[in-house]
Amino acid sequence: MRAIMAVNTRILKAEFEYFTPDNFHKALQLLDQYGPDVKVIAGGTDLLIQMKKEVISPRYLINIMKISDMSFIKVENGWLRIGAATKWREVVEFCAKDRKYAALYEASSSVGKVQVRNMGTVGGNLCTASPAADSAPALLVFNSRVKLANMQGERILNLKDFFKGVNVTAMASNEIMTEIQIPSIQNGMGSAFMKTTRVGADISKINCAVAVERQGDLCTSCRIGIGAVAPVPMRIQEAERIVVGKRVDTSLVEEMGQKAIEEIKPITDIRSTTEYRRQVATILLKDVFWKAWHRAGGGEG
Amino acid sequence: MKNQTIDLTVNGEKHEILVEPNALLVNVLRDELGLTGTKYGCGTGQCAACTVLVNGESVLSCLTLAVAVDEADIVTIEGLDQPDGSLDPVQEAFLDHGAIQCGFCTPGMAMMGRDLLNKNPDPSESEIREHIKGNLCRCTGYTSIVRAIKSCSQGREPQAKL
């Protein structure tokens, strides 16, 4: 059993060399040189807590916040491109202007608190790979991709293949996430995001996003992203299949909610129990579904 | 660890400080510059007692490396004073509305009040509550804190004072 020792969070005991490259190439060189002993630091809202608690002890830190071409958010050829070092505040401001990104707007404006949105970045949220990362379900339902780079070149990965476990990603130790890409969204797609927390600005117990398209009562596509109910934020595709191609009514949505319970694998932890998460996940999913469904039908709210 | 020299403008005053890479902004402000108004609370981003403004944005100084804010413009609770030494209207309002009990959360709360009013001179009650959502007060003084900030907004009826 691990001895229970109070951690002094007032100071950061860990010692490390600190680099602030001003361009992307230098960052990649450093990563290549130091590999597994290095951690990229962006907002630091998660990394520094892990370091204070001595969960991780990197020997080198690379601050990427002074690299100007890693922070941007723009639409290009219909795709929404977000630089990995873009702060949440900027994502909230951008998405507030466009209802197409409703789920991402709701997710990003619910991240942490004002101060955390002023510090934390989209890439940081994904690379930390917390099962409860609020951006993940919303980005998953938009079929997002992430761009990773190292000295050898770049590769693009679907976000659903990026998460490998609690705090584990598909990224190699000499890779860095450079941007998040969201394919163009069809007019008429409705999306929504909701989460449950203990108190206002806490880590989510469960978070969930849905994106749907419909023709009248017929559901033509449905994607569900859900977090904090498994080791990784994930799509639950069996539940999605329940509704696609069918006329949507309350009993069908009920059936979808039941299927979701079979697909998720929640744990009991400090925030909730397995049983509670199962029950609430299905309720939350149904609420989010209906919200997205009404939006797809042109409804407000 | 290689120490680094950083340039900070704190409350309008320029400082050149030699820091270790693992020095946290909250400790540099308190221990190096003697600005003990900024409080260290939880150290893990939960309480926001350590909130300061960095380049005009509210951040948690206990989760900020000093080396990461090299060349930044920082405002702490001490910097809210007016040039003539009088208090900021937000600070006055906290006094007038009894929005202080033990006072530990007050610097962070006042910084968030100022931060919100800088961006939105006429916030609604729900906007105020959303803005200070991440700042914990364990004397449960939220109601008077919200009232104090609201009393500083433009175009509002004066609020009842204590």
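The following paragraphs describe a sheet in chain A, the two domains of chain B and the contact between the chains. This is a predicted model, in which local features need pLDDT of at least 70, side-chain atom pairs count only at pLDDT 80 or more, and totals for chains, interfaces and linings use all residues. Residues are numbered from 1 along each chain as its sequence is written, and chains are lettered from A in the order in which they are written.

In chain A, three strands (DSSP runs of E, at least two residues, numbered from the N terminus) form an open parallel sheet in the order β1-β3-β2; strands pair if DSSP finds at least two bridges between them. Its edge strands, each pairing on one side only, are β1 (17–19) and β2 (38–41) of chain A. From one strand to the next the twist averages 20°, with angles running from 0 to 180 degrees between N-to-C directions of axes fitted to C-alpha atoms, for helices over the stretch in contact. Four bridges join β2(A) to β3 (residues 60–63) of chain A in the parallel sense, and Val38(A) stands opposite Tyr60(A) in β3(A).

Chain B is divided into domain 1 (4–80) and domain 2 (89–150), with bounds from an automatic or database domain assignment. Their C-alpha centres lie 21 Å apart. Domain 1 of chain B contributes 15 residues to their contact and domain 2 of chain B 14 residues, where contact requires C-beta atoms, placed from the backbone, within 7 Å.

Between the chains, the contact takes 25 residues from chain B and 25 residues from chain A. On the side of chain B that touches chain A, strand β4 (residues 57–60) of chain B gives the most, with four residues.

Notes: Contact = placed C-beta atoms within 7 Å.
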